[in-house]
Amino acid sequence: MTSNQVDHCLNLTIDKRGSALATIDEDQWYERKSARVDPRKLAEAMVAMANAEGGVVVVGLYDKAVEGIDAFRPKTNNLRQASIDHCTPPVRATIDETECIDDRGHPNHLLVVRIDPSETVHELMNRPKG
């Protein structure tokens, strides 16, 4: 059911999209993450969803607020690489950006990560020592 809710929200107008996504209750198929999320923490959610029934993570939502990702733009490539850099084997995911209006009333974007369910068991890679 959550996937239908997410798709419904993504089809709303830009001014309603972010706030609607922020109000969906999190469950095993849906999570909200701040744009400040560490790529490894995003990878944890991706592994969990891939090992279950798949799901969606929306990055740029914090504490049911729409912060967007634009202020964190240099970091978004690391988030896009999370399934490759931190998961073994890499988690299959589709990552898109969607426009929204943040809580300050400014145009912004959210990162929408759709994780496919997997026939293979995924795990987090060990952190490099250093």
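**View 1. The hairpin of β6 and β7 in the predicted model.** Strand β6 and strand β7, the latter spanning residues 107–115, run antiparallel and are joined by nine bridges; the model shown here and in the other views is a predicted one. The two strands form a hairpin with five residues between them, and in the turn G105 has a positive phi of about 90°. Two of the paired positions can be followed from one strand to the other: E99 stands opposite H109 in β7, while T94 has R114 as its bridge partner in β7.

**View 2. The open sheet of four strands.** The sheet is open, and its four strands follow the order β1-β2-β7-β6 with mixed pairing. At the edges stand β1, residues 30–33, and β6, residues 93–101, each with a single partner strand, so that one side of each is left without a neighbour in the sheet. On average, and with direction ignored, neighbouring strands of this sheet are turned by 20° against each other. Helix α1 packs on the sheet, where it touches β1, β2 (55–59), β6 and β7, and the direction of α1 makes about 155° with that of β7. Helix α3, made up of residues 39–51, lies across β1, β2, β6 and β7 and runs at about 165° to β2.

**View 3. The pairing of β1 with β2 and the surroundings of K33.** In contrast to the antiparallel hairpin of β6 and β7, strands β1 and β2 pair in the parallel sense, over four bridges. Both faces of β1 are covered, since Y30 and R32 on one side and E31 and K33 on the other are all buried. K33, found in strand β1, has a relative accessible area of 18% and is therefore buried, the limit being under 20%. V59 is the bridge partner of K33 in β2. The side chain of K33 also makes a polar contact of 2.9 Å with the side chain of E31. When neighbours within four places in sequence are left aside, K33 is in contact with A45, V57, V58, V59, G60 and L61.

**View 4. The packing of helices α1 and α2.** The axes of helix α1, residues 2–10, and helix α2, residues 14–23, come within 8 Å and cross at roughly 160°. Because angles over 145° count as roughly antiparallel, the two helices α1 and α2 are described as roughly antiparallel to each other. Where they meet, V6, C9 and L10 belong to α1, and R17, A20 and L21 belong to α2. The residues of this contact divide into five nonpolar, no polar and one charged.

**View 5. T98 in strand β6 and its contacts.** Residue T98 lies in strand β6, and with a relative accessible area of 11% T98 is buried. A polar contact of 3.0 Å joins the side chain of T98 to that of R17, a residue of α2 that also takes part in the meeting of α1 with α2. Apart from neighbours within four places in sequence, T98 is in contact with L10, R17, N108, H109, L110 and V112. Among these contacts of T98, L10 is one of the α1 residues that meet α2, and H109 is the residue of β7 that E99 stands opposite.

Terms used
Residues are numbered from 1 along each chain as its sequence is written. This is a predicted model: local features need pLDDT of at least 70, side-chain atom pairs count only at pLDDT 80 or more; totals for chains, interfaces and linings use all residues. Side-chain values use heavy atoms; hydrogens and water are left out. Axes are lines fitted to C-alpha atoms, for helices over the stretch in contact, and angles run from 0 to 180 degrees between N-to-C directions. Angles under 35 degrees count as roughly parallel, over 145 as roughly antiparallel, 65 to 115 as roughly perpendicular and the rest as oblique. Contact means heavy atoms within 4.5 Å. Ala, Val, Leu, Ile, Met, Phe, Trp, Tyr, Cys and Pro count as nonpolar, Asp, Glu, Lys and Arg as charged, and the others, Gly among them, as polar. Two strands pair if DSSP finds at least two bridges between them. Buried means under 20% relative accessible area, exposed over 50%, partly exposed in between (1.4 Å probe, protein chains only). A polar contact is a pair of N or O atoms within 3.5 Å; within protein, one must be able to donate a hydrogen and the other to accept it, and residues adjacent in sequence count only if both atoms are side-chain atoms.
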